[in-house]
Amino acid sequence: MHELSVAEAILDRAREAADDYGASGVEALTVELGTATHVNPDQLRFCIETVAETRDLADAAVSIETVEPEAACDCGWEGEPPSFDGTAGAVPSARCPECGSQTEFTRGKECRLASIEVPDEAAGTAPET
């Protein structure tokens, strides 16, 4: 269950970002999760919420946005792959619908903290660099 380690990393990053702005907490966080990651969104949400309870982020609302896959091929084709192979234990791959070659994902493999919302007391306070 690698969702637990992903959740811990996301919460660490959320806490760091809040600290950068002098915020006392995080009210909400949004995660972008590609469908080609094979990270289960329900399990990830559960892990984030569970780990957040052990930290000072227990009140943060969690939003997970799905990112659909897009791919490109050396032949020039770009678009949403008609289907992509892969299992939970393998790196997903997709074949080009034009030439049958292996494509490269250009979207859909994201698993990242996209944004956080902090209490108003920190709003507008940019970190010093």
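Buried means under 20% relative accessible area, and partly exposed means between that cut-off and 50%. These legends describe close-up views of a predicted model.

**View 1. Arginine 15 and aspartate 19 meet in a salt bridge on helix H1.** The gap from N to O is 2.8 Å. The two residues lie four places apart in H1, so about one helical turn separates them. How exposed or buried is each partner? Arginine 15 has a relative accessible area of 15%. That value is under 20%, so arginine 15 counts as buried. Aspartate 19 has 46%, so aspartate 19 counts as partly exposed.

**View 2. Arginine 55 forms a salt bridge with aspartate 12.** Their closest N and O atoms are 2.5 Å apart. This pair links distant parts of the chain, with the two positions 43 residues apart in numbering. Aspartate 12 sits in helix H1, residues 3–20. Arginine 55 sits in the loop between helix H2 (41–53) and strand S2 (61–67). Both ends are partly exposed: arginine 55 has 29% relative accessibility, and aspartate 12 has 36%.

**View 3. Glutamate 32 forms a salt bridge with arginine 112.** The closest N and O atoms are 3.0 Å apart. Which strands does this pair link? Glutamate 32 belongs to strand S1, residues 28–34. Arginine 112 belongs to strand S6, residues 111–117. The two residues are 80 residues apart, and the pair links distant parts of the chain. Arginine 112 is partly exposed, at 41% relative accessibility. Elsewhere, salt bridges that share partners join Arg15, Asp19 and Asp56 into one network. In total, the structure holds five salt bridges.

**View 4. Strand S1 is covered on both faces.** Seven of its seven residues are buried. In a regular strand, side chains alternate between the two faces of the sheet. On one side of S1 are Ala28, Thr30, Glu32 and Gly34. On the other side are Leu29, Val31 and Leu33.

**View 5. Strand S1 pairs with both S2 and S6.** With S2, the pairing is parallel and runs over seven bridges. Leucine 33 stands opposite threonine 66 in S2. With S6, the pairing is antiparallel and runs over six bridges. Here the bridge partner of valine 31 is leucine 113. S1, H2 and S2 also make a right-handed β-α-β unit.

**View 6. The largest nonpolar core has 22 residues.** Which residues have the most contacts inside this core? They are Ile10, Leu11, Leu29, Val31, Leu44 and Ile48. H1, S1, H2 and S2 each supply at least two residues of the core. The largest share, six residues, comes from H1.

**View 7. Valine 31 touches residues from several places along the chain.** Leaving out residues up to four places away in sequence, its contacts include Ile10, Leu44 and Ile48. Ser63, Ile64 and Glu65 are also touched by valine 31. Arg112 and Ala114 complete the list.

**View 8. Histidine 38 has a positive phi.** The angle is near 65°, in a residue other than glycine. Where is histidine 38 found? Histidine 38 is in the loop between S1 and H2. Its relative accessible area is 24%, so histidine 38 counts as partly exposed.

Methods: Residues numbered from 1 in each chain as written. Predicted model: local features only at pLDDT ≥ 70, side-chain atom pairs only at ≥ 80, totals over all residues. Heavy atoms only, no water. Salt bridge = Lys/Arg side-chain N within 4 Å of Asp/Glu carboxyl O. Buried < 20%, exposed > 50% of the residue type's maximum accessible area, 1.4 Å probe, protein only. Core = buried A, V, L, I, M, F, W, Y, C linked by side-chain atoms within 4.5 Å. Contact = heavy atoms within 4.5 Å. Pairing = 2+ DSSP bridges. Right-handed = clockwise from strand over helix to strand, strands pointing away.
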